[in-house]
Amino acid sequence: MYALAFDNEFARDVRAGLTCAQKTLPCRYLYDDVGSALFEAITFLPEYGLTRADARILQTNAAEITGLLGGCLVVAELGSGTGAKTRPILEQIGLRQDVLYYPIDVSSVALEHCERELAPLGEIVPLQMSYLEGLRDVVEKRQRGERLLVLFLGSTIGNFEPDAAIDFLTSVRQLLARGDALLLGTDLVKPWAQMIPAYDDPAGVTAAFNMNLLSRINRELCADFDLRQFRHVARYDAEAQRIEMHLLSRRNQVVSIQRAALDVEFLAGESIWTESSHKFRPDQLTAMSRMTGFRLERQWIDEEWPFAESLLFAD
Ligand SMILES: C[S@@+](CC[C@H](N)C(=O)[O-])C[C@H]1O[C@@H](n2cnc3c(N)ncnc32)[C@H](O)[C@@H]1O
C-alpha cells in the first residue's frame, strides 16, 4: 500500500523529522510555491520589521558597501528570494562595471520573479539549488580577476542552530578566496513584545505560511493532515535567543503519510517544530566572524528595528 514510499528527499526528511521525540521538519520545506508567496506577503506586514530594516540599511549604504570593495565584483546571494532588497547594491555596481548576479534559492517562483525584476540591471543567472551547492557552482564559474560579494540577507542565518551556523559560515569561507566578502544580515535581540507579533501577526499570514507545510505534505506525500486540528504557535526562548515556530496538535490524532510510509501519532498539545529564528547581539557577530575565518570590516545597524548588516572580509 506504500508503493511510492521514500522516492524523494522530502519523504525521507519528513519521516526522519516526525519520528523524533520532538517532532520537527526542516524549515526549507516551508518554501514551496505557496509558501514563497506567503513569505513575500509576510515581508509587507506592519509587524514584520526585519525586511524593511534590512532594505533601509542597503538602500542608505549601498554606495559605501560597494565602495569598500574594489575590483571587478560578482554578486551571489544565498536564499535570495525575489532579490528585491539587492537592487541598490546592483545599481551601484552598475555605475562602474557590468552587473553579474547569481541569485541562489530552492524556490523556482522566487527566482523567476527575481530574474524578471532585476534583468534590466545586467546579467542575472538564477541557480535553483541549495545554498552551498549554488555557491560552489558560482565559484566554479568565476573568471580570473573577479571578486565575489556573497549576500546572506534577511537574517536567514538565524534559521540555523548556533553550531550549524558556525559550520555553515566556515563552509562559505572555505569556498571564497582572499579578498572576497560576505554581507550578512542579522536580526538583533529586541523586546519580546516587538518580536512575537513578527512571527504571529493578527491577520494570520505567518500562521498560514507555517500551516502550508502540512498542506504541502498532504499534496506531495499523499497525507491526511486535517489543518483545522493544528494551530500555529510562536514562542521566544530568551536563553537560546530564538523565536520558535511550532504547529500544535489540538487533540490526540493519527495522521497517515503514504509516501513516507508513516502513521504519526499526535497527543493533544504536542508540536512539530518547524522553524527557529535566532536573534543576535552585535558583539556575537564579531565573535562569529572570527570563529569562521572572516574579519568584520564594517557594521550598519538600523535603529528603528534593531537589525545589523555586517560586511565580513575573507582575508
Ligand atoms: C527567510 S527567506 C529570506 C528571503 C530573502 N533573502 C529576504 O531577505 O527577504 C529564506 C529564503 O531562503 C530560501 N531557502 C530556504 N532554505 C534554502 C536552502 N537550503 N537553500 C537555498 N535556499 C533556501 C527560501 O526559499 C527563501 O527564499
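I count a residue as near the ligand if its C-beta atom, placed from the backbone, lies within 6 Å of it, and I keep in mind throughout that this is a predicted model.

**Ligand shell.** I looked up the 19 residues around the ligand and noted that Arg28, Tyr31, Gly79, Gly81 and Gly154 come nearest. Sorting the shell by class, I found seven nonpolar, ten polar and two charged residues. Helix H2 (33-42) and strand E3 (100-105) each contribute at least two residues to this shell.

**Nonpolar cores.** I then turned to the largest nonpolar core, which has 57 residues, and among these Val75, Ala76, Val150 and Leu182 touch the most other members. Helix H3 (residues 49-67) gives this core its largest share, six residues, and the core takes at least three residues from each of domain 1 (9-29 + 211-278) and domain 2 (49-190 + 283-313). For Ala76 I listed the contacts, leaving aside neighbours within four places in sequence, and obtained Tyr102, Ile104, Leu135, Val138, Leu148 and Val150. I also recorded a second, separate core of 26 residues, which includes Tyr31, Ile217, Phe230 and Leu247; Tyr31 had already appeared in my list of residues that come nearest the ligand.

**Backbone angles.** Most residues other than glycine have a negative phi, so I checked for exceptions. Gln241, in the loop between strand E8 (230-237) and strand E9 (242-249), has a positive phi of about 55 degrees. Ala261, in the loop between strand E10 (253-257) and strand E11 (262-266), has a positive phi of about 50 degrees. I noted Gln241 as partly exposed because 18 other C-beta atoms lie within 10 Å, and Ala261 as partly exposed because 16 do.

Key. Residues are numbered from 1 along each chain as its sequence is written. This is a predicted model: local features need pLDDT of at least 70, side-chain atom pairs count only at pLDDT 80 or more; totals for chains, interfaces and linings use all residues. Helices (H or I, at least four residues) and strands (E, at least two) are DSSP runs, numbered from the N terminus. Ala, Val, Leu, Ile, Met, Phe, Trp, Tyr, Cys and Pro count as nonpolar, Asp, Glu, Lys and Arg as charged, and the others, Gly among them, as polar. A nonpolar core is a set of buried Ala, Val, Leu, Ile, Met, Phe, Trp, Tyr and Cys residues joined through C-beta atoms within 7 Å. A residue is buried if 20 or more other C-beta atoms lie within 10 Å of its own, exposed if 12 or fewer, and partly exposed in between; C-beta atoms are placed from the backbone. Domain bounds come from an automatic or database domain assignment. Two residues are in contact if their C-beta atoms, placed from the backbone, lie within 7 Å.
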